[in-house]
Amino acid sequence: MSIIEVKVPQLSESVSEATLLTWHKKVGEAVQEGENLIDIETDKVVLELPAIKSGVLSKIIKADGAKVGSEEVIAQIDTDAAAAAPKAKTEALAATATPSARKLAHAHDVDAASLQGSGKHGLVTKEDVLSAVQQPAAIVQSQSAPAIAPSGNRAEQRVPMTRIRQRIAERLLQSQANAAILTTFNEVNMQPVMELRARYKDAFEKKHGVKLGFSSFFVKAVIHALRKFPVVNASVDGTDVIYHGYFDIGVAIGSERGLVVPIIRDADKLSFAEIEKQIAAFAARAKDGKLTMEELSGGTFSITNGGVFGSMLSTPIINPPQSAILGIHATKDRPVAENGQVVIRPINYLALSYDHRIIDGREAVQFLVAIKEFLEMPGLVLLDL
């Protein structure tokens, strides 16, 4: 018998421990090299732990929900053993459900094999699993926290916060407790950007292989404003102010596990196409839980877009240790006054939340005005006029 140990991967310096979510294999089942054994959740990201060798899962040392540290042994694999029956069962499930469907089914404790597949030859798809999860009559029960039904159909469910959600809550409270947060607002006429995008979007996608969205315009506008007002790109460390000579822009992305803010490093050195490609890649990895801790660490300024959910206006909360965050909202046709006439324009309300300890109101207002100028006159700014 040849036994190898399954260990927690090395966590970053800022992460002291992680939580084991759900084992995808049982003791005695066959595992293939590279196959995901378990998802490990830190306060920043969910990691997959693949098997480093094929064999049989001979022992589980740490069960679901256990708190673990870097390099801790959580299981053992017998690389000489075989498990024909479990392997056959696994292969049978693989033949009836897509990989994404199996992963989602594991996450929601759904038996994928029992579902009616809508895919080719009855293949169970991710949409089939989502449909099963979202059925109104289905109330997911937890062994540690069963649903409570005081009377009739008035059901309740107590569910522990995920580690990521706990960390989000902790950082939001930390932000509000340790910073003097104010929010200032402005409105921007998005018509020039919308016209520019409409004129070149087809040629842009054909050349670069990525769609020209609005995100790259906002990132470029933020960098333009940060160059003018470096203190908005700074952070507080005790009684010191740290001015950053680089622009690492966080872009908030909503995922099933909560809000994540991956970082576009040195965003000032990237083209529109490179920014769009990074954001698209972040969104795809956030959806699959594949973002790395490195991608979620650091950042000097953040952008959050509530407009994708229909928000008209909000006051975003700073992501510490950053000192400011820009909130973008839904662009809507609104009546505005131009040259004494009422006209209809696509208007977006911008919100800048900032730490008043180091950023004065004058600088915050002028920062938003600089963003407004970029978006309303992109040609002048891009030509450095």
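Two strands count as paired if DSSP finds at least two bridges between them. With that in hand, the sheets of this predicted model can be read strand by strand. Strand 3 and strand 6 run antiparallel and are joined by two bridges, so this pair satisfies the criterion of at least two. Within the pairing, V31 has G55 of strand 6 as its bridge partner.

The two strands belong to an open sheet of four strands, ordered 1-8-6-3 and paired in antiparallel fashion. Its edges are formed by strand 1 (3–7) and strand 3 (30–31), each of which pairs on one side only. A further open sheet, again of four strands with antiparallel pairing, has the order 5-4-2-7. Here the edge positions are taken by strand 5 (46–50) and strand 7, each with pairing on one side only. Strand 4 (residues 36–41) is connected to strand 5 by five bridges, and the two run antiparallel. In this pairing I40 is found opposite L47 of strand 5. As general background, strands of a sheet pair through backbone hydrogen bonds, either parallel or antiparallel.

Attention now turns to helix packing. Two packed helices are generally described by the angle between their axes and the distance between the axes. For helix 6 (residues 215–228) and helix 7 (residues 272–288), the angle is about 115° and the axes lie 9 Å apart. The crossing of helix 6 past helix 7 is right-handed. On the side of helix 6, the contact draws on S215, S216, F217, V219 and K220, while helix 7 contributes F272, I275, E276 and I279. By character, the residues of this contact comprise five nonpolar, two polar and two charged.

Charged side chains come next. Across the whole structure, a search finds 12 salt bridges. One of them links K7 with E5, where the closest N and O atoms are 4.0 Å apart. Both partners are partly exposed: K7 has a relative accessible area of 37%, and E5 has a relative accessibility of 43%.

A second example joins the side chains of E72 and K62, with an N to O distance of 3.3 Å. E72 sits in the loop between strand 7 (67–68) and strand 8 (73–78), and K62 in the loop between strand 6 (55–60) and strand 7, so the salt bridge ties together parts that are 10 residues apart in sequence. E72 is partly exposed at 25% relative accessibility, and K62 is likewise partly exposed at 26%.

R265 and D248 form another salt bridge, their closest N and O atoms being 3.7 Å apart. Because R265 lies in the loop between strand 15 (263–264) and helix 7, and D248 in the loop between strand 11 (240–242) and strand 12 (249–251), this pair ties together parts that are 17 residues apart in sequence. The two ends differ in their surroundings: R265 is partly exposed, with a relative accessible area of 28%, whereas D248 is buried at 9% relative accessibility. The assignment for D248 follows because buried means under 20% relative accessible area. The pair is also part of a network of salt bridges that links D248, R265 and E294.

Finally, a few details of the backbone deserve a look. In general, most residues other than glycine have a negative phi, and most peptide bonds are trans. Next to R265 in the numbering comes D266, whose phi is near 45°, a positive value in a residue other than glycine. D266 is placed in the loop between strand 15 and helix 7 and is partly exposed, with a relative accessible area of 29%. N339 is also not a glycine, yet has a positive phi of about 55°. This residue belongs to the loop between strand 18 (332–338) and strand 19 (341–355). N339 is exposed, with a relative accessible area of 82%.

The peptide bond joining P320 and P321 is cis, with omega at about 5°. P321 is located in the loop between strand 16 (301–305) and strand 17 (324–328). P320 also takes part in a long-range pairing of positions: its C-alpha atom and that of N178 are separated by 9.0 Å, although the residues are 142 apart along the chain. N178 lies in helix 4 (residues 163–178) and is partly exposed, at 48% relative accessibility.

Key
Residues are numbered from 1 along each chain as its sequence is written. This is a predicted model: local features need pLDDT of at least 70, side-chain atom pairs count only at pLDDT 80 or more; totals for chains, interfaces and linings use all residues. Side-chain values use heavy atoms; hydrogens and water are left out. Axes are lines fitted to C-alpha atoms, for helices over the stretch in contact, and angles run from 0 to 180 degrees between N-to-C directions. A crossing is left-handed if the near helix is turned anticlockwise from the far one by less than a right angle, and right-handed if clockwise. Contact means heavy atoms within 4.5 Å. Ala, Val, Leu, Ile, Met, Phe, Trp, Tyr, Cys and Pro count as nonpolar, Asp, Glu, Lys and Arg as charged, and the others, Gly among them, as polar. Buried means under 20% relative accessible area, exposed over 50%, partly exposed in between (1.4 Å probe, protein chains only).
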